[in-house]
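Colleague: Thanks for making time for this one! Could we go through the model together, one question at a time?

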Amino acid sequence: MIEKILLISLVLFMIAIALLLYRVIVGPSMPDRAIGLDTIGVNLISSIAIVSILLKTKAFLEAILILGILAFIGTIAFSKYIERGVIVERKSNR
Amino acid sequence: MTVLANTLVVLFISVGVIFIAVAAVGLFRLPDLYTRAHAASKSATLGVMSVLIGVFFHFWLIENHFNPRILLGILFIFMTGPVGGHIMSRSSYIAGVKPWSGTIRDDLKPEIERMKKEQNIQD
């Protein structure tokens, strides 16, 4: 019973990732694609959590935290690039 | 007891899955970058937090394994999801992405123009 519900939720995550891929490919501006990629990261986090229930293992639970941190750093880097054109700024000479 | 724990887990996970699916439909259908960022940051954050709480209860109540990393992940996502959405929409406004044509008020526009004028005077 619970396995069927988990499989149905994985299928829903697949449909959600397909919709977000449409937004990543078509999206009219650059920040649209960045927001789509950020939400794909969120979907991957919850898919990893559900897959670790289905496989009855605890080994994947560290990947949740690491993927959250990587998605946040990616979003910050993209937004700094969109706003200023550089990611890591140089020291000013004044 | 196991039936009760399973009911709790299934409840939390299904609520989270519904919220994430609604967030994806919102990113597909909404007309504008700012409305899309609104859907993505709030709804997807609540959905993934609910799914992770369900997984945490499954490992705690059924397999007797208290895992603090999932709680740390929930806390981290709760802090960083809305911050990421805010920074992304702010930088896209500064970079010049126009709001939807049905927008009535734009309170940020005079503020940004005032900031640009002050910076020109300083330079």
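Modeller: Gladly! One definition to begin with: a salt bridge here is a side-chain nitrogen of Lys or Arg within 4 Å of a carboxyl oxygen of Asp or Glu. Please keep in mind that this is a predicted model.

Colleague: With that rule, which residue meets the side chain of A:Lys56 in a salt bridge?

Modeller: The rule asks for a nitrogen and a carboxyl oxygen within 4 Å. For A:Lys56 the N to O value is 3.8 Å. The partner in this salt bridge is A:Glu3.

Colleague: How many residues apart in sequence are the parts that this pair ties together?

Modeller: A:Lys56 lies in the loop between H2 and H3 of chain A, whereas A:Glu3 belongs to helix H1 of chain A. The pair therefore ties together parts whose separation in sequence is 53 residues.

Colleague: Are A:Lys56 and A:Glu3 buried, partly exposed or exposed?

Modeller: Exposed means over 50% relative accessible area, and partly exposed runs from there down to 20%. A:Lys56 has 58%, so this residue is exposed. A:Glu3 has 44%, so this residue is partly exposed.

Colleague: What is the phi of A:Lys56?

Modeller: As background, most residues other than glycine have a negative phi. A:Lys56 is not a glycine, yet its phi is positive, at about 55 degrees.

Colleague: In chain B, where is B:Asn64, and what is its phi?

Modeller: B:Asn64 sits in the loop between helix H2 (33-62) and helix H3 (68-94) of chain B. With a relative accessible area of 69%, B:Asn64 is exposed. This residue is not a glycine, and its phi is positive, near 55 degrees.

Colleague: Now for the contact between the chains. How many residues does each chain give, and what area do they bury?

Modeller: Chain A gives 42 residues to the contact and chain B gives 41 residues. Carbon and sulfur atoms account for 82% of the buried area. Between them, chain A and chain B bury about 3700 Å².

Colleague: How many salt bridges and how many residue pairs in polar contact are there between chain A and chain B?

Modeller: The salt bridges between chain A and chain B come to three. For residue pairs in polar contact, both at pLDDT 80 or more, the count is four.

Colleague: Which helix gives the most to the side of chain A that touches chain B?

Modeller: Helix H1 (2-26), helix H2 (30-54) and H3 of chain A each supply at least two residues of that side. The top contributor, with 14 residues, is H2(A).

Colleague: By class, what does the side of chain A that touches chain B have?

Modeller: There are five charged residues on that side, along with eleven polar ones. The nonpolar residues number 26.

Colleague: Which residue of chain B pairs with A:Asp32 in a salt bridge?

Modeller: A:Asp32 is in helix H2 of chain A and, at 3% relative accessibility, counts as buried. Its contacts, not counting residues up to four places away in sequence, are A:Arg23, A:Gly27, B:Leu33 and B:Arg36. The salt bridge, at 2.5 Å from N to O, is with B:Arg36.

Colleague: Is A:Leu61 buried or exposed, and what does this residue touch?

Modeller: A:Leu61 is in helix H3 (residues 61-84) of chain A. Buried means under 20% relative accessible area; A:Leu61 is at 1%, so this residue counts as buried. Leaving out residues up to four places away in sequence, A:Leu61 touches A:Ser52, B:Phe59, B:Asn67 and B:Ile70.

Colleague: Over in helix H4 of chain B, how far apart are B:Glu118 and B:Arg114, and which residues are linked in a network of salt bridges?

Modeller: B:Glu118 and B:Arg114 lie in helix H4 (residues 108-122) of chain B, four residues apart, about one turn of the helix. Their side chains meet in a salt bridge of 3.3 Å, N to O. The network of salt bridges links B:Glu111, B:Arg114 and B:Glu118.

Colleague: One last item: how many salt bridges are there over all chains?

Modeller: Another of chain B's pairs is B:Asp107 with B:Arg105, with the closest N and O atoms 3.1 Å apart; both residues are exposed. Over all chains, the count of salt bridges comes to seven.

How values were computed
Residues are numbered from 1 along each chain as its sequence is written. Chains are lettered from A and ligands numbered from 1 in the order in which they are written. This is a predicted model: local features need pLDDT of at least 70, side-chain atom pairs count only at pLDDT 80 or more; totals for chains, interfaces and linings use all residues. Side-chain values use heavy atoms; hydrogens and water are left out. Buried means under 20% relative accessible area, exposed over 50%, partly exposed in between (1.4 Å probe, protein chains only). Contact means heavy atoms within 4.5 Å. Buried area is the accessible area (1.4 Å probe) that two parts lose on being put together, summed over both. A polar contact is a pair of N or O atoms within 3.5 Å; within protein, one must be able to donate a hydrogen and the other to accept it, and residues adjacent in sequence count only if both atoms are side-chain atoms. Ala, Val, Leu, Ile, Met, Phe, Trp, Tyr, Cys and Pro count as nonpolar, Asp, Glu, Lys and Arg as charged, and the others, Gly among them, as polar.
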